[in-house]
Amino acid sequence: MFVLPQFFMLLSCGPENEINEILKEDTTYPQLVVEPLFIDFGTVQPNDIVQDIVVFRNDGDKAVDIQDVRLEGSSFTAITSPPIGMLLPNESVEMTISYSPINLEDTGWLKIASDDPASQIVYVELTGGGSIPLLTIDP
């Protein structure tokens, strides 16, 4: 993917009141960094809950607009609110996700949409497993 530069048009008056156009390239961009991009909650006992944190950080020199955050997967729950809205340069925010097993293997993802021109959609893969007994013998 490539990014088209944005331009500002400035007008100036010359010595004889001529109007001249001066084009200046806008070199400021948002840069959303999401870490980690993969979370393995490991093997979890039935009815137990484990948590992990996803960090959203703007490494750019322009504010990034986080437009949508969707959590998919019935075993995963957002403990904290998704960081929807503007994230200023060098600012970061955390989102806590919990996992409680439903199956032997559970998968899901966190889908983040922003106005970062280099990565408008970012996915965080989520996995975990339940240590559910396959056979129970009751005397």
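**Notebook: an all-strand model and a buried Asp**

Contact range came up first: of the contacts in the protein between residues at least 6 apart in sequence, 63% join residues at least 24 apart. Note to self: this is a predicted model.

**Entry 1, overall layout.** I looked up the secondary structure and got zero helices and eleven strands. Read along the sequence, I have the pattern β-β-β-β-β-β-β-β-β-β-β. Next I checked burial, and 29% of the 139 residues count as buried. For the surface, I have about 9,100 Å² exposed, with 53% of it supplied by carbon and sulfur atoms.

**Entry 2, the core.** I went for the largest nonpolar core, which has 20 residues. Those with the most contacts inside it are Leu-32, Val-34, Val-54, Phe-56, Leu-110, Ile-112 and Val-124. Which elements give two or more residues to this core? I noted strands S3 (32-35), S4 (38-44), S5 (50-58), S6 (64-72), S9 (92-99), S10 and S11.

I then picked Val-34 and listed its contacts, leaving aside neighbours within four places in sequence. Val-34 touches Val-54, Val-55 and Phe-56, and also Ile-112, Val-122 and Val-124. Of these partners, Val-54, Phe-56, Ile-112 and Val-124 are also on the list of residues with the most contacts inside the core.

**Entry 3, Asp-116.** This one caught my eye. Asp-116 sits in the loop between strand S10 (106-114) and strand S11 (121-130). Asp-116 is buried, yet it has no salt bridge. How far away is the nearest side chain of opposite charge? That is Lys-62, and I read 11 Å. A salt bridge needs the side-chain nitrogen within 4 Å of a carboxyl oxygen, so Lys-62 at 11 Å does not count as a partner for Asp-116.

So what does the side chain of Asp-116 reach? I found the backbone nitrogen of Leu-32 at 2.8 Å. I also found the backbone nitrogen of Ala-118, at 2.9 Å from a polar atom of the Asp-116 side chain. Leaving aside neighbours within four places in sequence, Asp-116 is in contact with Pro-30, Gln-31, Leu-32 and Val-64. Leu-32 turns up again here: it is in contact with Asp-116, and it is among the core residues with the most contacts.

**Entry 4, salt bridges.** How many salt bridges are there? My count comes to three. Glu-35 and Arg-57 meet through their side chains at 3.1 Å, N to O. That pair links distant parts of the chain, with Glu-35 in strand S3 and Arg-57 in strand S5, 22 residues apart. Arg-57 also forms a salt bridge with Asp-59, where the closest N and O atoms are 2.8 Å apart. I logged Glu-35, Arg-57 and Asp-59 as linked in a network of salt bridges. Away from that network, Asp-68 and Arg-70 meet at 2.6 Å, N to O.

**Entry 5, buried or exposed?** I pulled the relative accessibility of the charged partners. In the network, Glu-35 is at 38% and counts as partly exposed. Arg-57 has 24% and is partly exposed, and Asp-59, at 36%, gets that label as well. For the remaining pair, Asp-68 is partly exposed at 26%, and Arg-70 is partly exposed at 48%. Buried means under 20%, so Arg-57 at 24% misses that label. Asp-116, by contrast, is buried and has no salt bridge.

Conventions:
Residues numbered from 1 in each chain as written. Predicted model: local features only at pLDDT ≥ 70, side-chain atom pairs only at ≥ 80, totals over all residues. Heavy atoms only, no water. Helix = DSSP H or I, 4+ residues; strand = E, 2+ residues; numbered from the N terminus. Buried < 20%, exposed > 50% of the residue type's maximum accessible area, 1.4 Å probe, protein only. Contact = heavy atoms within 4.5 Å. Areas by Shrake-Rupley, 256 points an atom, 1.4 Å probe, with all protein chains shown as cover. Lys, Arg positive; Asp, Glu negative; His and termini not counted. Polar contact = N/O pair within 3.5 Å; in protein donor to acceptor, adjacent residues only side chain to side chain. Core = buried A, V, L, I, M, F, W, Y, C linked by side-chain atoms within 4.5 Å.
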